[in-house]
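Colleague: I would like a close look at one part of this model. Please start with the strand pairing there, then place it in the rest of the fold.

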Amino acid sequence: MDFEQLSMPDANVRFYPAFFSPEESSALLADLTTNIAWKQEQIQIFGKPVAMPRLTAWYGDEGKSYSYSGLTSHPLAWTETLLAIKSRVDAASDATFNSVLLNLYRDGRDSMGWHSDDEPELGTNPVIASVTFGASRTFQFKHKQNPDLRAAVELTSGSLLIMAGTTQHFWKHQIPKTKQPLTARINLTFRIIVK
Ligand SMILES: O=C(O)CCC(=O)C(=O)O
Ligand SMILES: [Mn+2]
């Protein structure tokens, strides 16, 4: 399977542009759109509730819980579709993921701000595997100690991005809003909760 190693210092980021075929990707987009229990969560910003700019869902092994943007989530049980995607992603990542956070970006107004996947439940140097179906969006990186150091990758439908090693320690990432008229994009980020 073809992949590109992004040339970023203090990081290990690998990109597979066509991990799933176009046919698989459109079938999986339709399946996940309908069969995932999407939720509109709220986050507190300066004490005020604000709707997250995307829909989310959390699936995984029983007994794992996860705190994210001030929310603690208990995962829903794996579906057949998610397990089928997970087994392909596990093999490519040389990992056994025990949970997945799903994001649904309804259009270009939905987004995710600068952050690292550095929650304590992920342990040090976590492997994070991110799959995209539907519209492609720009994934941007910014180095924490030297914000002039930037990188970006276009996450196309069917792609897989694997972040490992010290990536989360040294880099933040985001999905910026765009004025382009875009259709929906579904992202799955597979993670290992170590606690
Ligand atoms: O949608 C994406 O590609 C990024 C998602 C992300 O960074 C996250 O869920 O932590
Ligand atoms: Mn992230």
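In which sense do strand β3 (residues 42-45) and strand β4 (residues 48-51) pair, and over how many bridges?

Modeller: This is a predicted model, so read what follows as computed from it. Strands β3 and β4 pair in the antiparallel sense, over four bridges. One pair to look for is Ile43 with its bridge partner in β4, Val50. The hairpin has two residues between the strands. Phe46 is found in that loop between β3 and β4. Its phi is near 50°, a positive value in a residue other than glycine. Most residues other than glycine have a negative phi. Phe46 is exposed, because just 5 other C-beta atoms lie within 10 Å, and the cut-off for exposed is 12 or fewer.

Asp10 also has a positive phi, of about 60°, although it is not a glycine. Asp10 sits in the loop between β1 and β2. It counts as partly exposed, with 15 C-beta neighbours inside 10 Å. Thr79, in the loop between β7 (71-73) and α2, is likewise partly exposed, with 15 C-beta neighbours inside 10 Å.

Now the sheets. An open sheet of seven strands runs in the order β1-β2-β13-β10-β15-β8-β5, with antiparallel pairing. At its edges stand β1 (4-5) and β5 (55-60); each has a single partner strand, so one side of each is left without a neighbour in the sheet. Strands of a sheet pair through backbone hydrogen bonds.

Take the β5 edge. Strand β5 pairs with β8 in the antiparallel sense over six bridges. Leu104 in β8 is the bridge partner of Leu55. Despite the edge position, six of the six residues of β5 are buried, so the strand is largely enclosed by the rest of the structure. In a regular strand the side chains alternate between the two faces of the sheet. Here both faces are covered. Leu55, Ala57 and Tyr59 are buried on one side, and Thr56, Trp58 and Gly60 on the other.

Further into the order, strand β10 (residues 128-134) and strand β15 (residues 185-191) pair in the antiparallel sense over six bridges. Ser130 stands opposite Thr189 in β15. Two helices go with this sheet. Helix α1 (residues 22-35) lies across β10 and β15, running at about 95° to β10. Helix α2 (residues 80-93) packs on the sheet and touches β2 (12-16), β5, β8 (99-105), β10, β13 (160-164) and β15. Its direction makes about 130° with that of β10.

Look also at Arg191, which lies in strand β15. This residue is buried: 23 other C-beta atoms lie within 10 Å, and the cut-off is 20 or more. Leaving aside neighbours within four places in sequence, Arg191 is in contact with Phe97, Ser99, Leu101, Leu122, Pro126 and Ile128. Arg191 and Ala129 are 62 residues apart in sequence, yet 7.0 Å apart in space, C-alpha to C-alpha.

Ala129 leads to the core. The largest nonpolar core has 42 residues. Those with the most contacts inside it are Val100, Leu102, Ala129 and Leu161. Strand β8 gives the most to this core, with five residues. Leu161 touches Val13, Phe15, Ser130, Phe139, Val153 and Leu155, not counting residues up to four places away in sequence.

There is a second sheet to trace. This open sheet of four strands has the order β9-β14-β11-β12, with antiparallel pairing. Strands β9 (112-115) and β12 (150-155) stand at the edges with a single partner strand each, so one side of each is left without a neighbour in the sheet. The twist averages 15° from one strand to the next. Strand β9 pairs with strand β14 (residues 171-175) in the antiparallel sense over two bridges. In β14, Ile175 is the bridge partner of Met112.

Finish with ligand 1. The residues around it are Leu101, Asn103, Met112, Asp117, Ser130, Phe139, Leu155, His173, Ile175, Asn187 and Thr189. The elements that give two or more residues to this shell are β8, β14 and β15. By type, the shell divides into five nonpolar, five polar and one charged. The bridge partners Met112 and Ile175 are both in the list around the ligand. So are Ser130 and Thr189, which stand opposite one another.

Terms used
Residues are numbered from 1 along each chain as its sequence is written. Chains are lettered from A and ligands numbered from 1 in the order in which they are written. This is a predicted model: local features need pLDDT of at least 70, side-chain atom pairs count only at pLDDT 80 or more; totals for chains, interfaces and linings use all residues. Two strands pair if DSSP finds at least two bridges between them. Axes are lines fitted to C-alpha atoms, for helices over the stretch in contact, and angles run from 0 to 180 degrees between N-to-C directions. Two residues are in contact if their C-beta atoms, placed from the backbone, lie within 7 Å. A residue is near a molecule or strand if its C-beta atom, placed from the backbone, lies within 6 Å of it. Ala, Val, Leu, Ile, Met, Phe, Trp, Tyr, Cys and Pro count as nonpolar, Asp, Glu, Lys and Arg as charged, and the others, Gly among them, as polar. A nonpolar core is a set of buried Ala, Val, Leu, Ile, Met, Phe, Trp, Tyr and Cys residues joined through C-beta atoms within 7 Å.
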